[in-house]
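Reader: Hi! I'm in my first year and still learning how to read a structure. Could you take one part and walk me through it slowly?

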Amino acid sequence: MDSPLLCGILATEKLASRSVVVQQDPYCGMQELALAFLHFTFADETLKMIWSNCLALLVLHVARASSTPHRQVARDEDAMFTVERVKAFAPPTDLEKSNQVLNLRRTGASSDSSKDLMSPRAARLDAPLNPVENGAAYAIDVGLGNDTYSLIFDTGSSDLWVAETGVQCMNARGRRGPVGRCEFGPLFSGDFQDGEVEGQTFEILYGDGEFLVGTLGYEDVTVAGITIDHQKIASVSEGYWLGDGVTSGIIGFAYASLTSAYKGTKNVHYENFIDNAIDEGKTRPMFSVAIERSAGGGGGQVAFGGLPNVDFERNFTSTPLEVISFSRRPIARRKYTYYTITPDALVLEGEAKQTSFPVILDTGTTLAYLPPNIVEAINLAFDPPSLLVNGFWENDCNATAPEFAIDIAGTEFRISEQELLLNDELGYDWATGLCACGIQASPTQPYILGDTFLKNVVAVFDIGASEMRFAPHVDY
């Protein structure tokens, strides 16, 4: 759920005066500033107080993020990102049903759930997160050594982390509290089978203020019958987290440049589970996802090396996988970041509204976040029109949604009315008596297609061929 350190940070501690000076590159955001404190905060009570204040400011300056935890980056004319095609290293994978399949389970469908979705709205003191923005995660079973844990499956991050026994939970201001405050599931022993990584720490900071700190080590990891020996993972020892009481951590499937290992203040990237599974030939270089809605809250499947075992029309459309890079700050090793595509258009009631902008595909984001002008048009096309409540679009839970689709490579992928208006327990806002709309505005690019979109397709992440493939999966 985290991007690489995009901005240069130099953090120095003046030992004589015990004061801290953080020299921040002018293109950095608040999250980079707070991240610098993570490297030396908890060893000193005075610094902890400074960190608490910094984190409090961070919560008020939350910009945009998803499960995904994207670091805030200043985006002016001199620091805008560019989008490039990812280089392929294999031909397109033949699409057939996989025998390496895991069921997805929706978890955390309440305001106390894991923050796999953070608000991408610009910071406003009068705009608290809507309950649905706390997210609904999809979890899979992951074996660590001889034990099995329920971990959030996330295509918008790269690390595998799990909370350890004795984890020190905190609130948003860094004040310590009981372990139950974090609401983790079963806890990891903290003893790595193959030893700890010397000289490195795990440090991650999310866009809503959640943060985690821990150690890195090597463990045998098994997912869908695929075992990677000596896989680098993180054991979380302290942090601020709003869990669901079921999941114990996250397993990320994005590119290695999003990993969150640090040696001092330097981001050290490493091969994650999906990288190693492909490199070791234990799966073909692709995975696919079918997230499904249901009366029980939803589920679906993730499949390795092939397609999930769900019923759908195998009429796939392909589009290139792309990488986001910033003009003044090259992005780490290989420059790969999130799984990104550029749709041809957004189509409202049969009319193309906007074209040619990149979007991130993220299973860890509940909603879709798109340009404000098209989002306003979509929400005003409801019957009755949606209302903007504290910067968040809501509507009567029985409203009629308009027809809306994403045009990808000439194929229009329709979004179901059930995703355009979330009139279940996840989308209901007890404060207003209204229901959340599935498409919300983001003030900046890149935009995000989360579960609002992914519940309407079977998505193939063909890493080897550097392409995404989609098939309709709407009416089920």
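Reader: Let's look closely at strand β10: which residue in β10 is the bridge partner of Thr201?

Author: Happy to help! One thing to keep in mind from the start is that this is a predicted model. The residue you are after is Thr215, which is the bridge partner of Thr201 in β10. That pair belongs to the contact between strand β9 (residues 196–205) and β10, where 6 bridges join two strands that run antiparallel.

Now follow β10 itself, residues 211–223, and see what else it pairs with. Strand β11 (residues 226–240) is joined to β10 by 12 bridges, and these two strands also run antiparallel. To find your place in that pairing, look for Leu216, which stands opposite Ala234 in β11. The two strands form a hairpin, with 2 residues between them. In the turn sits Ala224, whose phi is positive, at about 55°. A further partner of β10 is strand β5 (residues 137–144), antiparallel to it and joined by 2 bridges. There, Gly143 has Thr222 as its bridge partner in β10. As general background, the strands of a sheet pair through backbone hydrogen bonds, in a parallel or an antiparallel way.

From here we can step outwards, starting with β9. The loop between β8 (176–177) and β9 holds Cys182, and strand β7 (residues 160–170) holds Cys169. These two cysteines are joined by a disulfide, with an S to S distance of 2.1 Å. The disulfide links distant parts of the chain, 13 residues apart. Cys169 and Cys182 are both buried.

Strand β7 also carries Trp161, while Trp241 lies in the loop between β11 and β12 (249–252), so this pair ties together parts that are 80 residues apart in sequence. Their rings form an edge-to-face aromatic pair, with 5.1 Å from centre to centre and 85° between the planes. How exposed are they? Trp161 has a relative accessibility of 1%, so it counts as buried. Trp241, at 2%, counts as buried too. Trp161 also belongs to a separate nonpolar core of 20 residues, which includes Phe184, Ile250 and Tyr270 as well. In general, nonpolar side chains in soluble globular proteins tend to be buried together.

The pair Trp161 and Trp241 is part of a wider set, as the count comes to 19 aromatic pairs. Another of them is Phe312 with Phe316: the ring centres are 5.8 Å apart and the planes are at 85°, so this pair is edge-to-face. Phe312 is buried, with a relative accessible area of 16%. There is also an aromatic cluster to pick out, whose members include Phe153, Tyr255, Phe287 and Phe461.

Phe287 leads us to the largest nonpolar core, which has 83 residues. The residues with the most contacts inside that core are Phe287, Leu370 and Phe453. If you select Phe453 and leave out residues up to four places away in sequence, you will find that it touches Leu361, Ile406, Ile408, Phe413, Ile415 and Phe470.

Ile406 makes a good bridge to another sheet, since it is the partner of Leu346 in the pairing with β26. Strand β20 (residues 345–348) and strand β26 (residues 404–408) run antiparallel and are joined by 4 bridges. They belong to an open sheet of 4 strands in the order β21-β20-β26-β27, with antiparallel pairing. At its edges stand β21 (351–354) and β27 (411–414), each with a single partner strand, so one side of each is left without a neighbour in the sheet. From one strand to the next, the twist averages 35°.

Before we stop, look at the other disulfide, since the count comes to 2. It joins Cys397 to Cys435, with an S to S distance of 2.0 Å. The torsion about the S-S bond of Cys397 and Cys435 is about 95°, so this disulfide is right-handed. Cys397 lies in the loop between β25 (392–395) and β26, and Cys435 in strand β30 (residues 434–437), so the pair ties together parts that are 38 residues apart in sequence. Both Cys397 and Cys435 are buried. Counting bonded cysteines along the chain, the disulfides follow the pattern 1-2, 3-4. Cys437 is in no disulfide, and the nearest cysteine sulfur, that of Cys435, is 8.8 Å away. Cys437 is buried, with a relative accessible area of 1%.

Technical notes: Residues are numbered from 1 along each chain as its sequence is written. This is a predicted model: local features need pLDDT of at least 70, side-chain atom pairs count only at pLDDT 80 or more; totals for chains, interfaces and linings use all residues. Side-chain values use heavy atoms; hydrogens and water are left out. Two strands pair if DSSP finds at least two bridges between them. Axes are lines fitted to C-alpha atoms, for helices over the stretch in contact, and angles run from 0 to 180 degrees between N-to-C directions. A disulfide is a pair of cysteine sulfur atoms within 2.5 Å. Buried means under 20% relative accessible area, exposed over 50%, partly exposed in between (1.4 Å probe, protein chains only). Rings of Phe, Tyr and Trp (its six-membered ring) pair if their centres lie within 6.5 Å; planes under 30 degrees apart count as stacked, over 60 as edge-to-face and the rest as tilted. A nonpolar core is a set of buried Ala, Val, Leu, Ile, Met, Phe, Trp, Tyr and Cys residues joined through side-chain atoms within 4.5 Å. Contact means heavy atoms within 4.5 Å.
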